[in-house]
Amino acid sequence: MRLQPVRGTRDILADEAARHRRVMETARGVALRYGYAEISTPIFEFTEVFQRTLGETSDVVTKEMYTFVDRGGDSITLRPEGTAGVARALISGGLSQNLPLKCYYEGPMFRYERPQKGRYRQFHQIGVELLGPGDPHADVEVIVLAAHILEELGLTGKTVLELNSLGDSESRSRYGDVLVSYFRDHESALSHDSKVRLERNPLRILDSKDEGDRKIVANAPLFEESFNQASTDFFAGVCAGLDSLEVAYKVNRRLVRGLDYYCHTAFEFVTNELGAQGAVIAGGRYDGLVEIMGGQPTPGTGWAGGIERLALLLDGAPAARRPIAIIPVGEAGEEPATRIANELRHAGYTVELGYRGNVGRRMKRANKLNARAAVFLGEDELARGEAKVRDLDSGEEVDVSLSGLARALEKYR
Ligand code: ATP
Ligand code: MG
């Protein structure tokens, strides 16, 4: 039996789990304040949910999906991202009767990628989707929501918001033609993958990670050179909305999104602290998605953030609650210890009970856990209906009646 975790997967323990939890709780808390309700879609879907929507030629579909045939013969895929599942839920759950749909999600995603720091095969995302409104205010709202989460995590100073527009579908298809003729002129220097992309989906070349491709892309025409008036106005609306809320951003005319369903707004919050894994939150507008899936045309905008990457940026572990240690002194204390621990936990205290060993050993454990106070249960005290409470910061000790214990510990909560 191979006992190591599968490549690209990890166990998330203790302090790291606490940082993940902090990212999720902060994100969920902020999202709720903006009126986004939690949604939890299945971790696997029929393969076509992703294949059709993410684009047959996208990296995710061609190289990164975990796809298998289940025992019933259906092709199933572990979700590589959250948006397609939400759009599927909107259609299959009849939620389009009740727009706007504003939702927040969190959970694992799966992509067969080359593992490195901040890049895993099972990773975790938080994300929001806003379906219904098709105007720039909606994009501004989801971006501001992301910025707000970063602010509450203390990460505003470590990240920069990069913003671009891909234009509407008319502009994009005009741009596609311009782009094809540009890349044709440089075809011999393109990577093999990009030669294929040139035939099947030239926009994809813009997102290539190949060094040689990137040099050619650096001089490629820009989206905005092909914009119609509507696309120009939309982008101006997003910028104006962010300006009025004083959310800082940098226009990056080279920013593209890796998936097929995006239009207009594209954005990423990036950091320079995680090497090549610089994007911590990324998203944009995806007006065509629901229709591609067979639903009523429904505009949408949203983003997803990588929990591992956000957690890596957090300083230290969040302060854990300091427990109260219950320490039986000799045989007589054992039974009451379990009972008193139970009572205190029901009263809302965090309580540690040493499982065995003498007082010295249990005190060592209490100190290791940074306990705030210790409650000693010795034979003499118990006979008087009391316990000895020691403040582990000051060393001060007092005898307290068992019936008043919960109240006496109040200051150590
Ligand atoms: P990258 O360019 O880093 O591959 P992406 O464009 O593929 O990112 P998205 O599909 O936009 O990523 O996912 C949103 C966020 O999810 C990313 O900004 C990142 O924080 C996180 N993410 C994506 N793939 C991974 C992964 N394999 N491991 C950890 N986090 C990831
Ligand atoms: Mg990727």
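## Strands and the model

A strand, as the word is used here, is a DSSP run of E of at least two residues, and such runs are numbered from the N terminus. The model described below is a predicted one.

## The surroundings of ligand 1

Ligand 1 is surrounded by 15 residues, and the closest of these are Arg111, Glu113, Arg119, Arg257 and Ala279. By class, this shell is made up of six nonpolar, three polar and six charged residues. Three strands each contribute at least two residues to it, namely S6 (122-131), S10 (279-285) and S11 (300-306), and of the elements involved S10 gives the most, with three residues.

Oxygen atoms of the ligand come within short distances of several polar side chains. An N or O atom in the side chain of Arg111 is 2.8 Å from an oxygen atom of ligand 1, and a polar side-chain atom of Arg119 likewise lies 2.8 Å from a ligand oxygen. For Gln125, the distance from a polar side-chain atom to an oxygen atom of ligand 1 is 3.0 Å. Of the 590 Å² that ligand 1 exposes when taken alone, the protein buries 90%.

## The eight-stranded sheet

The strands that line the ligand also belong to a sheet: S6, S11 and S10 occur in an open sheet of eight strands with mixed pairing, whose order is S1-S5-S6-S11-S10-S9-S7-S8. At its edges are S1 (37-38) and S8 (250-251), each of which pairs on one side only. Within this sheet, S6 and S11 run antiparallel and are joined by seven bridges; Gly127 has Ala304 in S11 as its bridge partner.

Helix H9, which covers residues 229-244, lies across four strands, S7 (160-165), S8, S9 (263-270) and S10, and runs at about 160° to S7. H9 therefore lies across S10, the strand that gives the most residues to the shell around ligand 1, where strands are taken as DSSP runs.

## The five-stranded sheet

A second open sheet, also with mixed pairing, has five strands in the order S13-S12-S14-S15-S16. Its edge strands are S13 (351-353) and S16 (397-401), and each of them pairs on one side only. On average, and with direction ignored, neighbouring strands of this sheet are turned by 25° against each other. Strand S12, spanning residues 324-328, runs parallel to S13 and is joined to S13 by three bridges, with Ile326 standing opposite Leu353 in S13.

Two helices lie across strands of this sheet. Helix H12 (residues 331-346) lies across S12, S13 and S14 (373-377), and its direction is at about 160° to that of S13. Helix H13 (residues 359-368) lies across S12, S13, S14 and S15 (386-391), and runs at about 175° to S12.

## Backbone features in two loops

Two loops contain backbone features that may deserve attention when the coordinates are read. The peptide bond that joins Leu99 and Pro100 is cis, with omega about 0°, and Pro100 is placed in the loop between helix H4 (83-92) and strand S5 (101-110). S5 is a member of the eight-stranded sheet, where it stands between S1 and S6 in the order.

The other feature concerns Glu246, whose phi is near 55°, a positive value in a residue that is not glycine. Glu246 lies in the loop between H9 and S8, where H9 is the helix that lies across S7, S8, S9 and S10, and S8 is an edge strand of the eight-stranded sheet.

Key: Residues are numbered from 1 along each chain as its sequence is written. Chains are lettered from A and ligands numbered from 1 in the order in which they are written. This is a predicted model: local features need pLDDT of at least 70, side-chain atom pairs count only at pLDDT 80 or more; totals for chains, interfaces and linings use all residues. Side-chain values use heavy atoms; hydrogens and water are left out. A residue is near a molecule or strand if one of its heavy atoms lies within 4 Å of it. A polar contact is a pair of N or O atoms within 3.5 Å; within protein, one must be able to donate a hydrogen and the other to accept it, and residues adjacent in sequence count only if both atoms are side-chain atoms. Accessible areas come from the Shrake-Rupley method with a 1.4 Å probe; for residues, only the protein chains shown count as cover. Ala, Val, Leu, Ile, Met, Phe, Trp, Tyr, Cys and Pro count as nonpolar, Asp, Glu, Lys and Arg as charged, and the others, Gly among them, as polar. Two strands pair if DSSP finds at least two bridges between them. Contact means heavy atoms within 4.5 Å. Axes are lines fitted to C-alpha atoms, for helices over the stretch in contact, and angles run from 0 to 180 degrees between N-to-C directions.
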